[in-house]
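These entries record what I looked up in one structure, in the order in which I looked.

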Amino acid sequence: MQKWFSQVGKKDTKIWVILYIIVGIVLAYFSTIVYPLSVLLAQMPGRVKFIMFIASILGLVLRLFIFTYVGYLVYLLLCSVLHEARADKTATKRSLYLAVCISSVIVALLQLVAIIVTAGNISQILSIVLTGLNAVMLAYLSAQFFAQRLHKVHLGRAVAGVLFILGLVPIGLNLLLPQ
C-alpha cells in the first residue's frame with residue numbers, strides 16, 4: 001500500500017474522480033428518486049425529484065472542488081505557520097483529490113447499502129457514524145499521501161488533523177440543530 005501511495009499518478013486520479021462521480025450519481029438517484037430521504041420529497045411530483053437529482057449532482061462536483069481547495073488552503077496556511085517548504089503543487093493537489101475521492105466513495109457505497117437495506121430510512125446515528133468515518137478516512141489518507149508521496153510527515157499530520165476537525169463539523173451541526 002505504501003508503494004501505491006508514493007507512486008500515484010494522473011491515471012489513478014482520473015480513475016478515482018470518475019468512480020467518485022459514478023458512485024455519487026447512483027447515490028443521488030437512490031436518495032432523491034428511488035428512496036427519497038424526506039417524507040416531503042417522497043410526495044413531490046417527478047419533475048421536482050428530477051430537479052433535486054440534478055442539484056445533488058451539482059453539489060457532488062462542488063463538494064469535490066471545495067474539499068480539495070479547502071485542504072490545499074489548510075496546507076498553505078500550515079506551510080507558513082510551521083515554516084515548511086512547499087511541495088510540488090500538482091502532487092499536493094493530486095494527493096488531496098485522491099484523499100477526498102477515496103474516502104467519499106467508500107462512505108457513499110456504505111450509505112447506498114444503508115439506503116437500500118432500510119428503504120431510505122437512515123437514522124441520525126448512522127449518518128453521524130458515516131460522517132465520522134469519512135472524516136477519519138480523509139485524515140488518514142491525507143496523512144499517508146503527504147508522508148509517502150510528498151515526504152512531508154509532520155506537515156501531513158498537521159493537515160490531516162485540521163481536515164479531521166473540519167470533517168467533524170457536520171456532526172456538531174447535526175447534533176446542535178433541531179431536527
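**Surface patch**

I began with the nonpolar patch and noted that α4 gives the largest share of it, 4 residues. I then listed the whole patch: Leu 62, Ile 66, Phe 67, Val 70, Leu 166, Val 169, Leu 173 and Leu 177 form a nonpolar surface of about 690 Å². Two elements, α4 (46-82) and α7 (153-176), each give two or more residues to the patch. I recorded that the model is a predicted one.

I looked up one member of the patch, Leu 166, and found it in helix α7. Is Leu 166 buried or partly exposed? Its relative accessibility is 41%, so I entered Leu 166 as partly exposed, since that class lies between 20% and 50%.

**Helices**

I counted 7 helices and 0 strands in the protein; along the sequence the pattern reads α-α-α-α-α-α-α. For helix α5, residues 89-118, I noted 30 residues and a reach of 43 Å from first to last C-alpha, close to the expected 44 Å. Ala 119 follows α5 and has a positive phi, near 55°.

**Whole protein**

I checked the overall dimensions next. The C-alpha trace spans about 55 × 35 × 25 Å along its principal axes. The radius of gyration is 18 Å, which agrees with the value near 16 Å for a compact globule of 179 residues.

I noted that 40% of the 179 residues are buried. Of the contacts with a separation of 6 or more, 77% join residues 24 or more positions apart. The protein exposes about 10200 Å², and carbon and sulfur atoms supply 71% of that area.

Technical notes: Residues numbered from 1 in each chain as written. Predicted model: local features only at pLDDT ≥ 70, side-chain atom pairs only at ≥ 80, totals over all residues. Heavy atoms only, no water. Expected span 1.5 Å × (residues − 1). Rg over C-alpha atoms; globule rule 2.2 N^0.38 Å. Buried < 20%, exposed > 50% of the residue type's maximum accessible area, 1.4 Å probe, protein only. Contact = heavy atoms within 4.5 Å. Areas by Shrake-Rupley, 256 points an atom, 1.4 Å probe, with all protein chains shown as cover. Patch = residues over 30% accessible without salt bridge, like charges linked within 9 Å, V, L, I, M, F, W, Y side chains within 5 Å. Salt bridge = Lys/Arg side-chain N within 4 Å of Asp/Glu carboxyl O.
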